[in-house]
Amino acid sequence: MNLERALISVAIGLALSASVVAEILPTSQKGNIWFINAAAQLQQKLSLKSSDKAKNVILFVGDGMGVSTLTAARILEGQRQGSPGEENLLSFESFPFTTLVKTYNTDAQVPDSAGTMTAMMSGLKTDAGVLGVDEDVQRGDCSTVAGNEVVTALELAEIKGLSTGVVSTARITHATPAAAYAKSADRNWEDISDMPAEAVQAGCKDIADQLVSFEQLLEQRYAGVDTDGIDVVMGGGRRHFLPNDARFNSPDARSSVEGDRTDGRNLVTEWQAQYPQGVYVYDKAGFDSVNAATTSRLFGLFNESHMQYEADRGNDVAGEPSLSEMTAKAIDILDNNDKGYLLVVEAGRVDHAHHAGNAASALADTIELAEAVKVAADQTNPEDTLIIVTADHSHVFTMAGYPKRGNPILGKVVNVGETQPALAADGMPYTTLGYANGLGFRNLGMETDADAAYSQAPNAGRQNLTGVDTTTTGYHQEALVPLGSETHSGEDVSLHAKGPGAHLAQGTIEQSTVFHLIDQALGLIEE
């Protein structure tokens, strides 16, 4: 009884203490917008009730979208909307569960996209530069592939009878999207012309061939399996599907000969013959004409190589859909399957803009990814759809100096309380954003194609930015170490999750755990 009275006394004391503390809080503190918003966010999380199982999973990958990229993009988005920017959140940053992800490859401290995406798709880490295989494969050696292939979440979803989709703004045969469906000793084997003769003779298939032959290859690999192939594929990379013959050029071809294939095969027409009810599109008009309610299979190749940067998309010859538009269309088609679906969406050009040293394009593509995530969240039921947003790796992209609140994120540093740009020890202004290595300074004005930077030699080191408008789309930030292309970095990336099973995204995890989050939600591996 004495113990019971003591516990009651403690409980009463705690309640009284909470009441007293609540009264102690000044009205100005309790009524402060930061205080109120933080408390509301916590209460929202406390009220969440999440199951472990989902009907659908959507995995968004911002290629190269490190934490510094997220921070800068959220500020830019907020400033575009007329606010200081720092208080803004990208759509997925309000998701209730977040974790940090370790990105190294089994043979690399700083990773590449092939090894990282294979980890997310298969549940095991592997070497840099290889796709859909374990670390026992020797890069570039076709003979080491057999027996070392791994099964991916996309393949398991197909086997389970779910609908599947792969969407990217990069070439659809590029490392990140290809890791969902291909097995290759080299990520660069996008079509047969990219392969060494000995690899072709040994029977290894190029990545484009594996995409179009996905259904047959999967059924050959696993006895007794019956699938219907990937339902939605959209991205760039037409050149890897067409013969090296001008007669097969698309109407919007930029090269005199669009196709690269040296085996004479037209994989687009092979796909159409294999799926006569499927719809193939190559431009915005064709995309817009697709009726998702009556379309069960869609193949879209919207550019000879990568799709345009979001900032440059309006300049495309035949027009291209945005990442958010492709995401919406994919969901509308995939959700026709009552069993559910797995959709993989990559914002591939975040990475490419960083490699070119162009923060403006990298942030614009990150903001478009956030819009695609918002579209997905709006079109799906949070009770049956798990949405995961993460990156494969980061970049050597920094935010530095002591700029005041609301200072243009693409601008020069203006210190707190000041109105003029701060000067470094060399007497020159400097920008908030910069790169540790890469091509360095470019002042290309209103140029919207970040890849225009490659037309000039590296120009690293300090530049006098006094008369330069660093907020234009064509400005490329200074870099410290001169390289032909800016590099990836090795720090952790973030993962944001919402929906069934999202609560399992906690702590710091290996990148291979992403596969297991998907598996846990969809039950891909039957015990």
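This is a short tour of a predicted model, stop by stop, for you to follow in your viewer.

Before you click, residues are numbered from 1 along each chain as its sequence is written, and side-chain values use heavy atoms, with hydrogens and water left out. Because the model is predicted, local features need pLDDT of at least 70 and side-chain atom pairs count only at pLDDT 80 or more, while totals for chains, interfaces and linings use all residues.

**Stop 1: strand E3**

Select residues 163–171, which make up strand E3. Strands (E, at least two residues) and helices (H or I, at least four) are DSSP runs, numbered from the N terminus. In E3, 9 of the 9 residues are buried, so the strand is largely enclosed by the rest of the structure. Here, buried means under 20% relative accessible area, exposed means over 50%, and partly exposed is in between (1.4 Å probe, protein chains only).

Which strands pair with E3? One is E7 (residues 341–347), parallel to E3 over 6 bridges. Two strands count as paired if DSSP finds at least two bridges between them. Click Val167, and you'll find its bridge partner in E7, Val345. E4 also pairs with E3 in the parallel sense, over 4 bridges. For that pairing, look at Val166, which stands opposite Val233 in E4.

While you're looking at strands, keep this in mind: in a regular strand the side chains alternate between the two faces of the sheet.

**Stop 2: strand E4 and on to E6**

Now select E4, residues 232–236. This strand is mostly covered, with 5 of its 5 residues buried. From here you can hop to E6 (residues 298–301), which runs parallel to E4 and is joined to it by 4 bridges. Val232 is a good place to start, as it stands opposite Leu298 in E6.

**Stop 3: the largest cavity**

How many cavities of 30 Å³ or more does the structure hold? There are 5. To find them, a 1 Å grid is laid over the protein atoms alone, and a cavity is a set of points where a 1.4 Å probe fits but cannot get out; lining residues have an atom within 4 Å of a point. Grid points are joined across faces, edges and corners, and the volume is the space filled by probe spheres set on the points.

The largest cavity has about 110 Å³ of space. Select its lining: Leu211, Val212, Phe214, Glu215, Gly229, Ile230, Val233, Trp271, Tyr275, Leu298 and Phe299. You've already met Val233, in E4, and Leu298, in E6. Helix H9 (207–212), helix H10 (214–221) and E6 each supply at least two of the lining residues. The lining divides into 9 nonpolar, 1 polar and 1 charged residue. For this count, Ala, Val, Leu, Ile, Met, Phe, Trp, Tyr, Cys and Pro are nonpolar, Asp, Glu, Lys and Arg are charged, and the others, Gly among them, are polar.

**Stop 4: the second largest cavity**

This one has a volume of about 80 Å³. Among its lining residues are Thr169, Met307, Arg313, Leu323, Ala347, Asp365 and Glu368. The lining splits into 5 nonpolar, 3 polar and 4 charged residues.

**Stop 5: helix H13**

Leu323 leads you to H13, as it is one of the buried residues of that helix. Select residues 323–334 to see H13. Of its 12 residues, 10 are buried, so the helix is largely enclosed by the rest of the structure. Try a distance between the end C-alpha atoms: they are 16 Å apart, which agrees with the expected 16 Å. That expected span is 1.5 Å times one less than the number of residues.

**Stop 6: salt bridges**

The structure holds 26 salt bridges, each a side-chain nitrogen of Lys or Arg within 4 Å of a carboxyl oxygen of Asp or Glu. Start with Lys284 and Glu325, 3.8 Å from N to O. Lys284 lies in helix H12 (residues 284–289) and Glu325 in H13, so the pair ties together parts that are 41 residues apart in sequence. Glu325 is partly exposed, at 30% relative accessibility.

Next, pick Lys205 and Asp209, whose closest N and O atoms are 3.7 Å apart. Is each partner buried or exposed? Lys205 is partly exposed at 36%, whereas Asp209 is buried at 4%. Add Arg265 and Glu270 to your selection, and you have one network, joined by salt bridges that share partners.

Conventions:
1 Å grid on protein atoms, 1.4 Å probe; cavity = no way out; pocket = protein on both sides within 12 Å on 5 of 7 lines; lining within 4 Å.
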